[in-house]
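Take a look at the model below. Some short questions and answers come after it.

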Amino acid sequence: MPNISEKLREAADILQISGISEPRREAASLIAFALQKDKTFLIAHPEYKLSAEEETRFREFLQRRANREPFQYITGRQEFYGLDFAVTPDVLIPRPETELIVENAIELLSDKSRFCEVGIGSGCISVAILHKVKTASAIGLDISPNALQIAEKNAKLHQVADRLQLKISDVFEVLKDEKFDLIVSNPPYIPRRDFEMLQAEVRDFEPTIALTDGKNGLSIVEKIINDTRQFLNPHCFLLMEIGFEQATEVRKMFSSKIWKSVEILPDLQNIPRMVMAQIEK
Ligand SMILES: C[S@@+](CC[C@H](N)C(=O)[O-])C[C@H]1O[C@@H](n2cnc3c(N)ncnc32)[C@H](O)[C@@H]1O
């Protein structure tokens with residue numbers, strides 16, 4: 001049976017040929033996951049020989065990763081805002097830049113606030129907010145019933161399910177006369193024309209409906225901005241993630257007759273990524 005050190009070398013070569021950018025690091029993560037150990041075990045025991053069962057498991061994971069399946073779909077997990085989230089190919093893998101919405105939402109919410117998320121996906125945004133703001137409650141909407149099942153699982157995992165209602169909805173369609181203290185969203189904003197240029201991991205494995213509106217990338221963004229007015233309490237905020245180079249166009253979608261202020265905030269790499277708009281009344 002081959003040992004960890006030999007397996008690492010072989011796996012890194014296979015991943016490199018497949019176009020994975022950090023093959024050695026990813027090979028180590030895959031072995032650690034197959035052995036159900038952390039990476040320090042690999043460093044401390046390079047001579048450890050994999051059992052037949054571990055070897056089979058590792059070979060399957062390596063094959064999947066070499067086919068460019070994201071590591072997170074293999075492990076079924078992704079960390080977001082310090083919490084562990086279950087992920088499957090039915091949901092977008094939570095991205096670090098989306099934490100900007102959570103940070104700002106936590107600042108804006110006060111006691112007993114109620115907020116709404118459009119396109120909840122894995123639930124990462126709403127669950128992280130509810131986990132931090134213990135008196136808040138929320139409604140999470142998504143057009144994908146399968147995504148809502150994952151959101152529910154994550155809400156239960158982090159013990160916020162009693163404060164999070166989940167509904168199938170095309171944007172706000174399912175809502176009646178409700179009003180919220182905050183609306184958050186990370187909508188599908190990638191233009192269809194950019195879709196084919198995405199990394200294989202994203203294009204071929206993440207749900208297309210979570211990535212693009214199939215048009216210019218701004219149709220759902222615009223619908224959210226226009227319809228939010230109906231569901232937001234006076235002087236409350238809309239927080240929404242937007243794509244690279246969309247800031248100018250998005251800003252124009254906010255009428256000064258309805259919105260008191262519109263700010264575009266940068267992510268950690270100084271790329272404008274989030275719009276924060278306050279409604280007049
Ligand atoms: C970019 S993902 C965001 C998921 C999650 N909130 C996050 O930040 O990781 C967009 C989500 O919007 C959902 N979605 C796409 N079109 C929608 C629509 N018309 N109405 C409601 N949800 C939609 C997708 O199913 C997906 O879960």
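What follows are questions and answers on this predicted model.

Q: In what order do the seven strands of the open sheet lie?
A: The pairing in this open sheet is mixed. Neighbouring strands are turned by 15 degrees against each other on average, direction ignored. The order is S5-S4-S3-S6-S7-S9-S8.

Q: Why is one side of strand S5 and of strand S8 left without a neighbour in the sheet?
A: Strand S5 (164-168) and strand S8 (259-266) stand at the edges of the sheet. One side of each is left without a neighbour because each has a single partner strand.

Q: How many bridges join S8 to strand S9?
A: S9 covers residues 272-279, and it runs antiparallel to S8. Trp 259 stands opposite Ile 279 in S9. The number of bridges joining S8 to S9 is seven.

Q: At about what angle does helix H12 run to S7?
A: Helix H12 takes in residues 219-231. H12 lies across S3, S6, strand S7 (232-241) and S9. Its angle to S7 is about 160 degrees.

Q: Across which strands does H7 lie?
A: H7 runs at about 175 degrees to S4. S4 is one of the strands that H7 lies across. The full set is strand S3 (114-118), S4, S5 and strand S6 (180-185).

Q: At roughly what angle do the axes of helix H6 and H7 cross?
A: Two packed helices are described by the distance between their axes and the angle between them. The axes of H6 (residues 99-108) and H7 come within 9 Å. H6 passes H7 in a right-handed crossing. The angle is roughly 35 degrees.

Q: Which residues of H6 and H7 make the contact?
A: The residues of this contact divide into seven nonpolar, no polar and one charged. H6 gives Ile 101, Val 102, Ala 105 and Ile 106. H7 gives Ile 125, Ala 128, Ile 129 and Lys 132.

Q: Which residues are closest to the ligand?
A: The ligand is surrounded by 24 residues. By class, 15 are nonpolar, seven polar and two charged. Helix H7 (124-132), strand S4 (137-142) and helix H11 (208-211) each supply at least two of the shell. The closest are Gly 119, Gly 121, Ser 144, Asn 186 and Ala 210.

Q: Is Glu 47 buried or exposed?
A: Glu 47 sits in the loop between helix H3 (39-44) and helix H4 (52-66). Glu 47 touches Asn 3 and Ser 5, not counting residues up to four places away in sequence. Glu 47 has 8 C-beta neighbours inside 10 Å, so it counts as exposed.

Note on methods:
Residues are numbered from 1 along each chain as its sequence is written. This is a predicted model: local features need pLDDT of at least 70, side-chain atom pairs count only at pLDDT 80 or more; totals for chains, interfaces and linings use all residues. A residue is near a molecule or strand if its C-beta atom, placed from the backbone, lies within 6 Å of it. Helices (H or I, at least four residues) and strands (E, at least two) are DSSP runs, numbered from the N terminus. Ala, Val, Leu, Ile, Met, Phe, Trp, Tyr, Cys and Pro count as nonpolar, Asp, Glu, Lys and Arg as charged, and the others, Gly among them, as polar. A residue is buried if 20 or more other C-beta atoms lie within 10 Å of its own, exposed if 12 or fewer, and partly exposed in between; C-beta atoms are placed from the backbone. Two residues are in contact if their C-beta atoms, placed from the backbone, lie within 7 Å. Two strands pair if DSSP finds at least two bridges between them. Axes are lines fitted to C-alpha atoms, for helices over the stretch in contact, and angles run from 0 to 180 degrees between N-to-C directions. A crossing is left-handed if the near helix is turned anticlockwise from the far one by less than a right angle, and right-handed if clockwise.
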